[in-house]
Amino acid sequence: MLKTRKLKYSDLRCICDPKFYSFKNTAEVTPLDGVIGQERAVQAINFGLAMDSRGYNIFVTGIEGTGKTTIIRDIVTKHAKKNPTPVDWVMVNNFFDEFCPKTIEIPPGKATVFKKQMEKLVEGLQNELAAAFESKSYQKKIDELEKKYGEQQRQIFEALDKKAKQMGLAINRSQSGLQIFPVTDGKPMKREDFDALDKEEKTRIEGNIRELQGEIESSMRTVAKVKDAMQQDVDKAMSDVALFVTRTRIDALLGQYDQCSGIVNYLKEVQKHVVENVTDFLPVNEKTSPIPGMGMGVPESGLRAYEVNVLVDHRGSRGAPVIFETNPTYHNVFGRIEKRAYMGTLTTDFSLVQAGSLLKANGGYLIMEIESLLMNAPVYEALKRALQNKMLLIEDLSISLGFGAMSLRPEPIPLDVKVILLGSYHLFHLLQNNDSKFNKIFKVRADFDHEVIRNDKTMMQYAQFVARVCKQEKLLPLTPTGVAAVVEFGEKQVADKNKLSLRFGSILGVLKEADYWAKKSGARSVSEKYVIKALKEHRFRYNLYEEKTHESYANNTILIDVKGKVVGQVNALAVYQVGDLSFGRPSRITAETFMGRPGIVNIERESKLSGKTHDKGVLILSGFLGRTFAQRYPLNLSVSITFEQSYGGIDGDSASSTELYAILSSLSGIGINQGIAVTGSVNQKGEVQAIGGVNQKVEGFFEVCRTKGLTGRQGVMIPQSNVQNLMVSRDVLKYVKKGKFHIWAVATIEEGIEILTGVPAGKPNKAGNYPKKTVFGKVQKRLKFYLEQQYRLKREFGGEDKNQK
């Protein structure tokens, strides 16, 4: 049995023959231009990119390191180049409501051009309007208006003077207004002369003054109307001149953008606003004022109303935009409204609005990582609203949350963007099951695999991938032996001789580190020894914990026997995970069987150190024992089982077969070979099932055996279904070839117990009895003894055994 189940040297590792590659080094190989494997993911991505219907955004799942980010970027970029370049977007002042700026779409590549045209328009209007108002024709017209209305005012004041003279009064004009005083002989009457008049004369003069005062008030109202009429005529003259100058300049722009309704409407509004606020364009100088004494200018900042804020400009772009947002904060995704400090307060206007990645990707594609997105909860919710409504709002986050002072609320922008989210399986299922809107918005899932079938095509694609990396990263080319070593590394990553890893992140690291060691040695190419050197050095940098653990076995702090036979004791194997590094080490399992309440006492469970999966594996053992040994009479058996010197949590069922072997050994009294470590789960029918980490477990026990001394009879027993997963280290392979270490594969408990004990398991006869000199025969004999002893004790002491109630 030992020989029939022992694996051959060729079963332990899939060797990549360097002769498969006919090139001298990868410099002769055409770099990979495509994707290795991932047909399902690529097909899903292409489908999602081609679907124009609402909700067909893409969620990309896959293990880290599969290159999904690079692949997504390449596929989307190629697809985007075939699409038309989307429109540009600018933000302009809303002359009717400055708190709601307008957004205008402009033909692609024209946004900055339009901004400069508006700057030239404003600059030109400043010069031309100033020149127009200083022209002789305009000044002449203003002079005529001043003369016309000045004459009317003069006539009104002359009539007042005449009326006052008739009443024996005079009117004095000053800065404080008009003053009335009596006159005598054409001269103002002195105060003492007025006081000397009789009462009747004083009363007459005071009456005349009151009457004249009424005339003055009436005349001043008439003067005010004259001034108003004059101002209206002056304003009309200014408007006529401003309209003429402005229309000439703006009509030239209208001709260039006659197909863009947004710009046409905006330019018409600009024309109207310029005419109504023409003084904003004139210098602050009374000499240039159309009316003496009236300042015409305002600070230059008043002209900001005519600025154009470029949000997105696709000048120089070809095809649709592809934006990868690495930091999806609210402002980075949706845009921000910046503030300007002014006299101790914060102010803002449309020119301080900035676009986010969502607007920059409008008409194209936006790629983000879901984990970073979910760290900013408001971003995820706002993104869903924007995609559902196909409308983008740029607003202050504080305002949307109900905080902060009043700010701008720009017009919504129509949104036509395809969003691609990158994330893990866990986050995808979490959102799919808990977010009712998620499935409506992200209808396409692209699932990246971490492995691909190993065949001639994929092995050659590996070489092409290596060639591409060497070219892009300026690394030394790899020889066929170097590429073969990389292929074997890819096989070991997935622990499958028939597959290759697609986790190119770690492969890229190996290539860079192998290049480092090759250059350090002065080599011109990277051969197998430098790849192996890179792998060993990488492990050395990370395996301090592994070495410290191994020391515990070397100095017998952890007790492990690797030779001899012991009843009820088996070496199990466990995998330790420390970051990216995993390694295996043995752990002693012991089992004690005795009479008592039927059942298995799992010490780890009682100590609350075991996980649910481990507990399930232990409970399965009862099913196997009952199926095998309790078909004709009940079991009267108690079992205590534990992992010795285990003080941390234990989970997983990969040791369930090992625990069963320990129980069978304890019941049969047959010792188990301590030089053989065991791994594998078991079902109730006694079939040994596959487990994970088989290579780490084999290598871990090998290291312990090598430290304690190899005898040539040591090895590891694994499930038959794990043979395809074997990619053991070259050290293990070397000692297996020498016959110093062995690996057995079993499919059933019967096969395993025969290897461990050297005794046949036994097959029952028609009566259900096993041969006496077999393992199961001895187990059956012990169980019968327990049952007979129970009945004897009942008869001896009478009544039922309290433990059986």
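User: Which residues does Ser666 touch, not counting residues up to four places away in sequence?

Analyst: Happy to start there, with one reminder: this is a predicted model. A contact list shows which distant parts of the chain meet at a residue, so it helps to leave sequence neighbours out, as is done here; contact means heavy atoms within 4.5 Å. Ser666 touches Val567, Gly568, Ala591, Glu592, Thr593 and Arg782. Ser666 itself lies in helix α23, which covers residues 656–668.

User: Is Ser666 buried or exposed?

Analyst: The idea is to take the relative accessible area and compare it with a cut-off, where buried means under 20%. Ser666 has 9%, so it is buried. Its side chain also makes a polar contact, at 2.9 Å, with the side chain of Thr593, and Thr593 is among the residues in the contact list above.

User: Which side chain does the side chain of Asp435 make a polar contact with?

Analyst: A polar contact is a pair of N or O atoms within 3.5 Å. For Asp435 the partner is the side chain of Lys384, at 2.8 Å. Asp435 lies in the loop between α14 (425–434) and α15 (438–441). With a relative accessible area of 12%, Asp435 is buried. Beyond four places in sequence, Asp435 touches Tyr380, Lys384 and Leu430.

User: Let's zoom out. How many helices and strands are there in the protein?

Analyst: There are 27 helices and 30 strands. For the overall form, you can set the radius of gyration against what a globule rule gives for the chain length. Here the radius is 48 Å, well over the 28 Å that the rule gives for 805 residues, so the protein is more spread out than a compact globule. The box around the C-alpha atoms agrees in spirit: along the principal axes it is roughly 160 × 80 × 50 Å.

User: What percentage of the residues count as buried, and what percentage of contacts join residues at least 24 apart?

Analyst: Of the 805 residues, 47% count as buried. As for the contacts, the pool is those between residues at least 6 apart in sequence, and 76% of them join residues at least 24 apart.

User: Where do Tyr9 and Lys737 stand, in sequence and in space?

Analyst: It pays to read the two separations side by side. Tyr9 and Lys737 are 728 residues apart along the chain, yet their C-alpha atoms are separated by 6.1 Å. Tyr9 is found in the loop between α1 (2–5) and α2, and at 37% relative accessibility it counts as partly exposed. Leaving aside neighbours within four places, Tyr9 is in contact with Leu733 and Lys737.

Now set Pro321 beside that case. Pro321 and Ser218 are 103 residues apart in sequence and 72 Å apart in space, C-alpha to C-alpha.

User: Which residues is Pro321 in contact with, leaving aside its neighbours within four places in sequence?

Analyst: The list holds Pro86, His314, Lys360, Ala361, Asn362, Gly363, Gly364 and Tyr365. Pro321 is found in the loop between β7 (309–312) and β8 (322–325). Being in a loop does not settle exposure here: at 12% relative accessibility, Pro321 counts as buried.

User: What about backbone angles: what is the phi of Lys390?

Analyst: The sign of phi is the thing to check, along with whether the residue is a glycine. Lys390 is not a glycine, and its phi is positive, about 55°. Lys390 is found in the loop between α12 (377–389) and β14 (391–392), and at 29% relative accessibility it counts as partly exposed. Ala495 is another case, with a positive phi of about 50° although it is not a glycine. Its place is the loop between α17 (480–494) and β19 (499–501), and with a relative accessible area of 23% Ala495 is partly exposed.

User: Last topic: what is the volume of the second largest pocket, and how many residues line it?

Analyst: Read a pocket by its volume, then by who lines it. The volume is about 850 Å³, and the lining has 34 residues, of which Gly67, Lys68, Thr69, Thr70 and Ile71 lie nearest the centre.

User: Which element gives the most to that lining?

Analyst: That is α3, with seven residues. Elements that each supply at least two residues include α2 (39–50), α3 (68–81), β16 (418–423) and α16 (456–473). By class, the lining has 14 nonpolar, 11 polar and nine charged residues.

Terms used
Residues are numbered from 1 along each chain as its sequence is written. This is a predicted model: local features need pLDDT of at least 70, side-chain atom pairs count only at pLDDT 80 or more; totals for chains, interfaces and linings use all residues. Side-chain values use heavy atoms; hydrogens and water are left out. On a 1 Å grid over the protein atoms alone, a cavity is a set of points where a 1.4 Å probe fits but cannot get out, and a pocket is an open set with protein on both sides within 12 Å along at least five of seven lines; lining residues have an atom within 4 Å of a point. Grid points are joined across faces, edges and corners, and a volume is the space filled by probe spheres set on the points. Helices (H or I, at least four residues) and strands (E, at least two) are DSSP runs, numbered from the N terminus. Ala, Val, Leu, Ile, Met, Phe, Trp, Tyr, Cys and Pro count as nonpolar, Asp, Glu, Lys and Arg as charged, and the others, Gly among them, as polar. Buried means under 20% relative accessible area, exposed over 50%, partly exposed in between (1.4 Å probe, protein chains only). A polar contact is a pair of N or O atoms within 3.5 Å; within protein, one must be able to donate a hydrogen and the other to accept it, and residues adjacent in sequence count only if both atoms are side-chain atoms. The radius of gyration is taken over C-alpha atoms; the globule rule is 2.2 Å times the number of residues to the power 0.38.
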